[in-house]
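I opened this entry to work out how the strands are arranged and what the two chains share. My notes follow in the order in which I looked things up.

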Amino acid sequence: MKDLFSKELKVVNMGIAGFHEALKSSGFASVQMDWRPPLTLPPQDRQVLGRKRPLIEKANKKAVDILLNGKPFLIGLEKALDVLPGMTKDSVFHAGPPIEWKRMCGPMRGAVMGALIYEGRAKTPEEAEELASSGVIKYGPCHEHSAVGPMAGIISPSMPVFVLENKESGNKAYGTMNEGLGKVLRYGAYAPEVIERLKWMEAVLYPALKKALAKTGPIDLKNIIAQALNMGDEVHNRNRAATSLLYRALAPALVRTSEPEIAAKVLEFVNSNDHFFLNLSMAASKAVLDPAAGVKNSSLVTVMARNGTDFGVRLSGTGDSWFTGPSPVPDALFFPGFTKEDANPDIGDSAITETGGLGGFAIAASPAIVQFVGGSSKDALDYTLQMYEITAAENGVYRIPSLDFRGTPTGIDCVKVVEKGILPFIDTGVAHKKPGIGQVGAGVVSAPPEPFEKAAAALAAKLRAAK
Amino acid sequence: MVIKTALSKGRYYDSVTLMSVARQLSSSSGVSDAAAVMGTQSNKSILKASGLLVPLFETAGDTDLLIAVKAGTEALAATALARAEDLLKASKKVGAGSCEARPRSLEAALAALPGANMAVISVAGAYAAGEAMKCLEKGLHVMLFSDNVPLEAEIELKRFAAKKGLMVMGPDCGTAIINGAPLAFANVVSRGSIGIVSAAGTGLQETSCAVSNAGGGISQAIGTGGRDVKKEVGGIMFVEGLRALLHDDATKTVLLVSKPPHESVLRRIGAETRRARKPVVAVFMGADPKDVARLGVVPAVTLEEAALLAVGLSKGEKPEAVRERLALRSAELEKAAARESRGFAPGQRYLRALFSGGTFNAEAQVIFRALGVKAWSNAPVAPFAELPDSWKSREHSFVDLGEDEFTQGRPHPMIDFSVRNKRIVAEAEDPGTAVILLDVVLGHGSNMAPAADIVPALEKAFAAARKAKRRLAVVASVTGTQGDPQGKAGVEAALRKAGVLLQPSNAAASSLACGIVRRLSR
């Protein structure tokens, strides 16, 4: 027996906590694990993933390097129809994995209806609903068209979109402009004031920002995000610092390129919406994750997205397939008058920030929003620390002050998720489950297990077929 | 009756926490039944049997938490369900400690405790072997408390461990003491020069306590799990443990405890013991001492005898001196039995033994079989017959309440006395019962208030007998030490005060109980 009796006993206790307590109270060194069962995976899949681990590691290194080296720049604004690959007059793109009208949740339906009214394709909500379900409208996930959208994530042809370029790989990514909080299209609201705001954004905000950007030249978003993490943002549920930094970058150019009253209105709009930057942190994450797709044998997660019904995941090494499972209802702090009963299952492409090592993965950088995760900054630290266990790398640019500027946990390894039973932790907003009402709270959610189980099984099947 | 249920997807709690929550819910006012389980197939069938399997639960998976309460009214059920949530939240806090990190993965645990060399694993059986293998691969010794680990997995783990010079205690290993550290259900015993290898959990507890209480001390107490000494596993860890103790300078005397090992295992043990340079005592419960002596060891019939022999040998005494003292004690017990066998009603003839420790159930039967009378048990020792229904005694009966039929969805009877308490009263109400024989096991992990939990049941039992104008003898022993969290002396005093004929060991208690019923059957 290897020198057990001559060494100090140090125990890892997995299971009944009382055993740990007894050791501690008797003066012995012991650590209690917060053990949870691994996710479900057929033994033969588990086996092949274990055996091929070196191959997977190598592929993941390649994929995550692409992700880490990406250089997302904001280069301009255009109409969706003009730039989004595959967009037609009848297209409506949405958040999450593919979904048909009849399976869409309330807020997504509301947002589709609002978008059809905004596009002038319907005059009333009833007309919009009829058109939406008629088969004329072609739905598709934003993610399949180089784009991302928060919450319902609806992009219709005449909406203006930010255009981002990843200067490292040359690919583009797109995202709509953020409308603000409360009664807004992305949360499923379609009242006249919602449509009016969208119209103003198209007519005033879009041309003004476009002109200003032409003046400033491309804006380095990675730089803004890195600074914002040092200023208390995790750029998903808190974007106050990043929005302010963007404001500083744009203001002089705006004043120089637009009439004073328009410049003032635009700056007021940006200033009044702490989440204005969210759509850019999302698109920036999309811009660096897209080129990491398609690396053979890689278990790196390149997309996590929800449509309010399903939660979908894509892996670098499993092509264009979506792996889905039911989307969970978030744990949230609710606005007065609302409860969990009102909440829709989790929705939106914004989990792309977590996929890229931001948001919930960087929550330790954001003490101002720890009330979402239990109230103490230690809770936030614990969540971030846990995410290191399922990621492939630490970010070289995005860093967390309270962890001595350790890089954020970046690049989710689906195999680690399945083996350790630790699910990605996502910051999120909560929509009312009925169309037309809007946001009812904000909080956090753990990704559901099914998509990761299915994705790991699919990767295992590919690995088996390869030999 | 109203049934209210809740399903939380992907929310994991260990079964001990859940059983304690269910138990507390069941005792809430107006609640007639409650369950809190993970949604595994076997748990679902338990729910089905108790009528708590609602359609919602049928789709649940292994990692989903299911809670069900059956109560008198809607409001009571809702209150109980809300209470379940509070209890679950509180359970996480208790375990967490105020500022301890609780790593989720083995890698993180090893980073948190550098140099960790032992893993104690008590997670659900389906996962236990996988976790154990991960720990072995990282070079940790393993104590596998979990049961329901497949035999093939046990063999694979132990072969792998033996090759790496590592120890696998278990599966189904309830107790061990390594370098003085109490692992799982261990007692607080003195350290000393006696090393134990045991394939019987309660056997290890009884012998280590008896050694300590007799002024000896324990160097190491290694558990192997009961299957280790069977043919299939081949005694891999029993022999490894024996070898380790024979090589350990701090161990001067070795004590082996087991049910009779398979003959192939006996051969392997003999190969070590015959050339041992230190005395080895062995109690192979139920085996013929003459056969055991052939291994070159000092044989013992009871756990107590084995412990006292080990202490005697470690002090340079001859085995005969120890056996003489025990013979004197036997004579005393005979006198006590004669005294205590008076005053029973004519139909009162039977012994009803209700044990929380499996080894005690075997030991009592070994002692009883000297009487040459028929008896029944749910875990019979040859030549006794299997009880057709474990829940109902017939004639002389020996019941191990730690067997699966009693523990499905419930804590072990060393923790939760409720099933045995009911049984004690039921036996007292049976006009055939003369003697009830019990064990009470102290130590880490066991029931923290054993006297307070069992005395009311004993009072009810005595009252039931009195009401029927019968006498009732309750004989018991307490396994533990004064250093245990429960304190042996206080528990013994409370039992004596309640009218129990208290004995210093299970062997003595069994002898007294047998002595009484022997006189009644004449």
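I began with the pairing inside chain A, where strand 1 and strand 2 run parallel to each other and are joined over 4 bridges. I keep in mind that this is a predicted model. Looking for a pair of residues to anchor the register, I noted that Lys10(A) has Ala29(A), in strand 2 of chain A, as its bridge partner.

I then turned to the partner of strand 1 in the other chain, and found that strand 1 of chain A pairs with strand 4 (residues 118–121) of chain B, again in the parallel sense and over 4 bridges. Here I recorded Asn13(A), which stands opposite Val120(B) in strand 4 of chain B.

Which order do the strands of the open sheet follow? I traced 5 strands in the order 2(A)-1(A)-4(B)-5(B)-6(B), with parallel pairing. Strand 2 of chain A and strand 6 (168–169) of chain B stand at the edges and have a single partner strand each, so one side of each is left without a neighbour in the sheet.

Next I followed helix 1 of chain A, which lies across strands 1 and 2 of chain A as well as strand 4 of chain B, and which runs at about 155° to strand 2 of chain A.

Last, I looked up the contact between the chains, to which chain A gives 37 residues and chain B 47 residues. On the side of chain A that touches chain B, strand 1 (10–14), helix 1 (17–25) and strand 2 (29–32) each supply at least two residues. By class, I listed that side of chain A as 22 nonpolar, 8 polar and 7 charged residues.

How values were computed
Residues numbered from 1 in each chain as written. Chains lettered and ligands numbered in written order. Predicted model: local features only at pLDDT ≥ 70, side-chain atom pairs only at ≥ 80, totals over all residues. Contact = placed C-beta atoms within 7 Å. Nonpolar A, V, L, I, M, F, W, Y, C, P; charged D, E, K, R; others polar. Pairing = 2+ DSSP bridges. Axes fitted to C-alpha atoms, helices over the stretch in contact; angles between N-to-C directions.
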